[in-house]
Amino acid sequence: PFGFQSVPNHDWQQSRIPRLTEGPGFLVMNLTKRLHEEVMPWFAKGMQSKRMKLEPARKGGYLNDKKVPVHHFSIHRYRQVRAVLVREVRQILEWWLGTKELKFHAVFGARVYRRGSVLHNHFDRHQTHLATASIQLYQEL
């Protein structure tokens, strides 16, 4: 596929990742009202504050972050926002997958990509990332 980058340390996982949905394996949708109410103000404040940190280059080659640095700010100190995010995303994933058996693993925060950033196609870890969500909060064209 276009943009696919082989990552030898992780490609072996492909056969261990079960198909959980019909169709292409992704779903595009708008934020829920509750997610929008909680996450967008947190994100706007984070973008204007000194909480944004330069992220060290990631191993695995799935980002071109050695060429275009990536920044992030954590959600861990913002318990209410984090709790809403976890609850809402879990409900969406359970609805989409038709299950109530998802085990929460992690929430990262906001990763800020700049013009020229590339997130290559890649395989997540089969032990913890069978169902994941990436939420686009903002984009400048």
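User: Why is serine 49 called partly exposed?

Analyst: This is a predicted model, and the values are computed from it. Serine 49 has a relative accessibility of 28%. Buried means under 20%, and exposed means over 50%. The value of 28% falls in between, so serine 49 counts as partly exposed.

User: Where does serine 49 lie?

Analyst: Serine 49 lies in the loop between H2 and strand S1, which spans 53-54. The C-alpha atoms of serine 49 and phenylalanine 73 are separated by 9.7 Å. Along the chain, these two residues are 24 residues apart.

User: What makes serine 49 and arginine 51 a polar contact?

Analyst: A polar atom of the serine 49 side chain lies 3.0 Å from the backbone nitrogen of arginine 51. The cut-off is 3.5 Å. A distance of 3.0 Å is within it, so the pair fits on distance.

User: What joins histidine 72 and glutamate 55?

Analyst: Their side chains are joined by a polar contact of 3.5 Å. Histidine 72 is placed in strand S2.

User: Is histidine 72 buried or exposed?

Analyst: Histidine 72 is buried. Its relative accessibility is 18%. That is under 20%, so the word fits.

User: What makes tryptophan 42 and phenylalanine 73 an aromatic pair, and why is the pair called tilted?

Analyst: The whole structure holds two aromatic pairs. In the pair of tryptophan 42 and phenylalanine 73, the rings are 5.0 Å apart, centre to centre. Ring centres must lie within 6.5 Å, so these rings pair. The angle between the planes is 55°. Under 30 degrees would be stacked, and over 60 would be edge-to-face. An angle of 55° fits neither, so the pair is tilted.

User: Which parts of the chain does this pair tie together?

Analyst: Tryptophan 42 lies in helix H2, and phenylalanine 73 lies in strand S2, residues 71-74. The pair therefore ties together parts that are 31 residues apart in sequence. Trp42 and Phe73 also belong to one aromatic cluster with Phe43.

User: How do you know whether tryptophan 42 and phenylalanine 73 are buried or exposed?

Analyst: Compare each value with the 20% limit. Tryptophan 42 has a relative accessible area of 7%. Phenylalanine 73 has 1%. Both values are under 20%, so both residues are buried.

User: What makes lysine 33 and glutamate 37 a salt bridge?

Analyst: Their side chains meet at 3.9 Å, N to O. The limit is 4 Å, so 3.9 Å qualifies. Lysine 33 and glutamate 37 are four residues apart in helix H2, which means about one helical turn separates them.

User: Why is lysine 33 called exposed, but glutamate 37 partly exposed?

Analyst: Lysine 33 has 66% relative accessibility. That is over 50%, so lysine 33 is exposed. Glutamate 37 has 42%. That lies between 20% and 50%, so glutamate 37 is partly exposed.

User: How do you know that glutamate 38 and arginine 34 form a salt bridge?

Analyst: The N to O distance is 3.1 Å. That is within 4 Å, so the pair counts. Glutamate 38 is buried at 14%, whereas arginine 34 is partly exposed at 31%.

User: What about glutamate 94 and arginine 90?

Analyst: Their side chains meet in a salt bridge of 3.0 Å, N to O. Four residues separate them in helix H3, residues 79-97, which is about one helical turn. Glutamate 94 is buried at 9%, and arginine 90 is partly exposed at 34%.

User: How many salt bridges are there, and which residues form a network?

Analyst: The count comes to five salt bridges. Glu55, Arg58 and Arg111 are linked in a network.

User: What makes arginine 111 a charge over a ring?

Analyst: Arginine 111 lies over the face of phenylalanine 108, at 5.0 Å from the ring centre. The distance limit is 6 Å, so 5.0 Å meets that part of the rule.

User: Which residues make the nonpolar surface patch?

Analyst: Leu27, Met29 and Trp95 make a patch of about 340 Å². Leucine 27 has a relative accessible area of 37%. Patch residues need over 30%, so leucine 27 passes that test.

How values were computed: Residues are numbered from 1 along each chain as its sequence is written. This is a predicted model: local features need pLDDT of at least 70, side-chain atom pairs count only at pLDDT 80 or more; totals for chains, interfaces and linings use all residues. Side-chain values use heavy atoms; hydrogens and water are left out. Patches are made of residues with over 30% relative accessible area and no salt bridge: like charges are joined within 9 Å, nonpolar side chains (Val, Leu, Ile, Met, Phe, Trp, Tyr) within 5 Å. Accessible areas come from the Shrake-Rupley method with a 1.4 Å probe; for residues, only the protein chains shown count as cover. Buried means under 20% relative accessible area, exposed over 50%, partly exposed in between (1.4 Å probe, protein chains only). Rings of Phe, Tyr and Trp (its six-membered ring) pair if their centres lie within 6.5 Å; planes under 30 degrees apart count as stacked, over 60 as edge-to-face and the rest as tilted. Helices (H or I, at least four residues) and strands (E, at least two) are DSSP runs, numbered from the N terminus. A charge sits over a ring if NZ of Lys or CZ of Arg is within 6 Å of the ring centre and within 35 degrees of the ring normal. A polar contact is a pair of N or O atoms within 3.5 Å; within protein, one must be able to donate a hydrogen and the other to accept it, and residues adjacent in sequence count only if both atoms are side-chain atoms.
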